[in-house]
Amino acid sequence: MTSYVGLDVGLRSTSVCVVDHAGMVLMESNVPSEVEDIARAIRSTGVVIEAVALETGNLTPWLTAALRAEGFRVVVLEARQVKTTLSSLRNKTDRNDARGIAQILRTGWYREVHVKSLESQRLKTLLAARKALSRRHIDLENEIRGLMKVYGRKLTERVRHGKFEDAVRNAIAGDDLLVEALQPLLEARMHLYRAFLELDRRVKAVALADPICQLLMSAPGVGYVAALTFKAAVDDPARFRRSKTVAAHFGLTPRRYQSGERDNPGRISKAGDVEVRSALFLAANVIMNGRGKPSALRSFGARLSRAKGRKRAIVAVARKLAVVLHAMWTDGTLYGSGEREALA
């Protein structure tokens, strides 16, 4: 008898539900969120397990890989789709969620989510740590600026990060109380800034040593951070049948509401990885600013900017760039060939 397993995963505990092919509940339990405990609970039923389903979440990559190593076929479901499907339930509990996930798996009414490889997860962690350090030291810089304004001490609008501490010390020289108050903040900010520079060097070294990133960096506006971000998010280019679907995957295509005689296109969906979308927007902005060699992407953006405005043009260039980068990765072609220019 074929059975299906639904897991509602929490940080400390996981609700497990096993149903048969007719939807009858065979077993329900709550176990610690450890692979050994979950696998033991599933096997305790003694039935043939067709698949195990769980939602996307922070523990999903680790738990998916571990359960697959235990010999289970694991299906990862889109959390938003599961939430919509289970919203009709009167009571929201972990037990009911696990039961609902098992029923969704049994009926086949789901869209399976791609789980990124361990390499991609590590790249994303490296980029996230770099961004966190960047944000923290900039937050401290803004805090220091705000504290100085109370005493009428102002810095110029733009001070390079490497020169920030010297500029602050020169501005507060002679005020012993202010120096005493800001000294710990300056030391903490410098420590974060040095850690950021070190991590930034590591990110750059990883990108320059990666042949795929080198290929992507041949496109205009794409630096080592954008290339590594795109590579980590896509993970496997073969999971997209067409390059054009990559733009939609990262939320760069308009929403659409069509009903009867109404057909209203909306703003971009902003679905998918926000870091990839931000990296593509920054790259598009570099292209539109006229830096580097002329390209078909820049020409396309300039034409659209004159007709629709700069903001829409940047979004359109970012969308085109996502398509071009995936096509380059798929066929191994450097940017600048006739094919890539035609795609742009």
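**Exercise 1.** In this predicted model, find the ring over which the charged end of K320 sits.

*Solution.* Start from the charged end of K320 and look for a ring beneath that end. The ring is that of F300, with the charged end 5.2 Å from the ring centre. The cut-off for this contact is a distance within 6 Å of the ring centre, together with an angle within 35 degrees of the ring normal.

**Exercise 2.** Over which ring does the charged end of R189 sit?

*Solution.* The charged end of R189 sits over the ring of Y193. Its distance from the centre of that ring is 4.9 Å.

**Exercise 3.** Determine how many aromatic pairs the structure holds, and classify what is found.

*Solution.* The count is one aromatic pair. Its members are F230 and F250, with 6.2 Å centre to centre and 55° between the planes. Planes under 30 degrees apart count as stacked and those over 60 as edge-to-face, so the rest are tilted. The pair F230 and F250 is therefore tilted. Next, place the partners: F230 belongs to helix 9, while F250 is in the loop between helix 10 and strand 6. They are 20 residues apart, and the pair links distant parts of the chain. Both F230 and F250 are buried.

**Exercise 4.** Describe the largest cavity and its lining.

*Solution.* A search of the whole structure gives one cavity of 30 Å³ or more. The largest cavity holds about 50 Å³ of space. Two or more lining residues come from each of helix 9 (224–234) and helix 11 (274–288). Helix 11 gives the largest share, four residues. F230 is among the lining residues, as are V222, V276 and L325. By class, the lining has nine nonpolar residues, no polar and no charged.

Conventions: Residues are numbered from 1 along each chain as its sequence is written. This is a predicted model: local features need pLDDT of at least 70, side-chain atom pairs count only at pLDDT 80 or more; totals for chains, interfaces and linings use all residues. Side-chain values use heavy atoms; hydrogens and water are left out. On a 1 Å grid over the protein atoms alone, a cavity is a set of points where a 1.4 Å probe fits but cannot get out, and a pocket is an open set with protein on both sides within 12 Å along at least five of seven lines; lining residues have an atom within 4 Å of a point. Grid points are joined across faces, edges and corners, and a volume is the space filled by probe spheres set on the points. Ala, Val, Leu, Ile, Met, Phe, Trp, Tyr, Cys and Pro count as nonpolar, Asp, Glu, Lys and Arg as charged, and the others, Gly among them, as polar. Rings of Phe, Tyr and Trp (its six-membered ring) pair if their centres lie within 6.5 Å; planes under 30 degrees apart count as stacked, over 60 as edge-to-face and the rest as tilted. Buried means under 20% relative accessible area, exposed over 50%, partly exposed in between (1.4 Å probe, protein chains only).
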